[in-house]
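Q: Please take me through one part of this structure up close: the place where two chains meet. Start with whatever the database record has to say, and keep it friendly.

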Amino acid sequence: MTLGAGIGYVLLALGPSLALFVTLISTKPFLILILLSSTLVWLISLIVLSGFWKVFLPIKTTALWPYAILILTSVVFQEGLRLILWRGYKKMEDMLDAFADRVAKPRLYLTDKMQIALAGGLGHGVAHAVFFCLGLLTPSFGPATFYVDKCSYAPFFLISAIISLAFVTIHTFSMVIAFNGYAQGNKTDQLIVPAVHLIAGMLTLVNLASSGCVVGIPLLYVVALSTLAYCGKMVWRRLTETQIRLTPQNQ
Amino acid sequence: MDGSILESIGVEIIGVMSPVSICMLLVVLLVYSLSSFSSPSVEPIRTAANLVYLETPSDSTSQKIEGSLLNALVFVILIAVVTFLLVILYYYNFTNFLKNYMRFSAFFVLGVMGGSIFLSIIRQFSIPIDAITCFILLLNFTVVGVLSVFAEGIPIPIVLRQVYMVLLGIIVAAWFTNLPEWTTWTLLVALAVYDLVAVLAPGGPLKILVELASSRDDDLPALVYEARPTVSRNGRRSSLGLLVGGVSSDSVEVEMARRDGNGSGEMMDEETSPLVPSLRDRMGVNLSSSSGSEFSVSVDAAERFQETEIVEGREERRPLSAMLGMGNEMEPELSSGDVREEMTRGIKLGLGDFVFYSVLVGRAAMYDLMTVYACYLAIISGLGCTLILLSVFRQALPALPISIALGIMFYFLTRVLMEPFVVGTSTNLMMF
């Protein structure tokens, strides 16, 4: 029974990512490599952050501001990392194009680029879910469960799985938005990503209040869904645009 | 969307990584399911890996360090001796002896060590099975295993062979996770160093072995020759799967033949053999016949990369170095001539690497899931680095050092730094 519950938590947090992985990523080895390396990058960022915060933890006060600073530094650091990732991706794209020319294959399609961004985002998302949710799941396979005082409506594992799902969504699709924004020099897209990330992080601070999760988690889902919607709209716009532009040339 | 180059790049890397991942995953599951309920007072096993010093939790730290260092030293020396012995035997063409020795040891590993693992699984999950049935099943399993690993002239599906390779790795690795903690860590470090020396230093046993093999035009040492599948020859659509990965034959001219962990006294010895064969990759397809032409390799479905169409060897060979952005331009078409002959090999990864990667991950699994993920990522990225280096240097490279170093580093970083941080934030339901 508890085994079933544990597997359920895992699937709740990672089910959509798993579906994305199986249908889209796993058929293209290169995307798997991208996914793995972006997961690794996220892990490294987490280790660096925890090394930095090790000095100050555990926070004794009940005041909110140290936590807010923690979230702020983390988000800033990870968004900085995204810029570096973008640089790396840019170089890699040139190499891939050169390589494609050499072997007389078509260059990267727009959808290819988006898939690379998606794989990178999925790597971040999966890393998030793995380290914030799955990493703590070990006890949930055992014969008991765990409730936190401040949110005692559901087991801790269930809540963290639900929160992780929201973050997986945000991380995955904000990478697509960000890469498109960088590629097109679109300021709105570039700025909306850190903003979303920061808002989502700050929303989890609501959970610190007693019973705060009743409010915090739905709000988090609003953010996640709007990220998803925004990304969908943007991709649709790009695809239709290029379709129109490219069709005459391709013939 | 066909023709997108995304599909053809990195096939061979994934082809190596996926069996390693499967092996690690299964070892972790095994460690979890067997260790969770078993009594803590299990008698520590006595193997070649802890001949000198038997660690007990009550010992002081310095005692543990000293003892585990001695253990590692003895173990590495043993391995080195056994490897030299094998090299000498190979040098003097004792191929029949080597062949039968390998068969015996594969039989031993599958039958005895595998058998004891099956027994503990049966006990753990209280599977109702009677002794006779169990014995017959085990015998069948073992015999099929030995045949499929060292088949000659018997057409055995390549998938079966790969499955057994991974199984051998799992069994040996699961055995090694019984070692005490300190000994495991020092052992891994020592092996990584040994690996580095044995493959790269002039006069290193593995280097000699590889050179000897290539000078004789064997696939790899005699050991290899034996283990080489006949199956893949008939037909270019060898469904090379696991070990060798997608593109196979041509894709990688460089071979990464390595076997380590050759032997550790009682049980390790046996392992030797498996190690060796594993590497040999089965796709010694005669490319010459199909050289420039198009051929398609179908990767086995289990792997779920279906049908990868590969057009011409050159292409796939490139990706690795292309990713580096180096190499390609510099060695322009030399490839077509020179490399072709060498192209008959795929990437080979020693079973020893499988084993010790899995040992590391299995050891990490005894602490926490988080360390498992961190170690897995570190090892896989180390493997990726090694493969990239491989495409640059084009000679046999040791696969353990980078991965093990990264793995151990990430293990302790995760354990010391990350875990308290992540547990602290996420039990407060704070995430970012």
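A: For chain A, the unreviewed UniProt entry lists "transmembrane region" at residues 6-25, 32-53, 65-85, 116-137, 157-179, 191-209 and 215-236. UniProt positions follow the numbering used here, feature names are shortened, and annotations may be inferred rather than shown by experiment. This is a predicted model, where local features need pLDDT of at least 70, side-chain atom pairs count only at pLDDT 80 or more, and totals for chains, interfaces and linings use all residues. Residues are numbered from 1 along each chain as its sequence is written, chains are lettered from A and ligands numbered from 1 in the order written, and side-chain values use heavy atoms, leaving out hydrogens and water.

Residues 215-236 of chain A are 100% helix and 0% strand, with end C-alpha atoms 32 Å apart. For residues 116-137 of chain A, it's 77% helix, 0% strand and 30 Å. (Helices are DSSP runs of H or I, at least four residues; strands are E, at least two.)

Now the meeting place. Chain A brings 66 residues and chain B 54 to the contact, meaning heavy atoms within 4.5 Å. Together they bury about 5200 Å², 78% of it on carbon and sulfur atoms; that's accessible area (1.4 Å probe) lost on being put together, summed over both parts. On chain B's side, α1 (11-35), α11 (313-324), α14 (369-393) and α15 (400-427) each supply at least two residues. The largest share, 13 residues, comes from α15(B). Chain B's touching residues split into 35 nonpolar, 12 polar and seven charged.

Key
Buried area is the accessible area (1.4 Å probe) that two parts lose on being put together, summed over both. Ala, Val, Leu, Ile, Met, Phe, Trp, Tyr, Cys and Pro count as nonpolar, Asp, Glu, Lys and Arg as charged, and the others, Gly among them, as polar.
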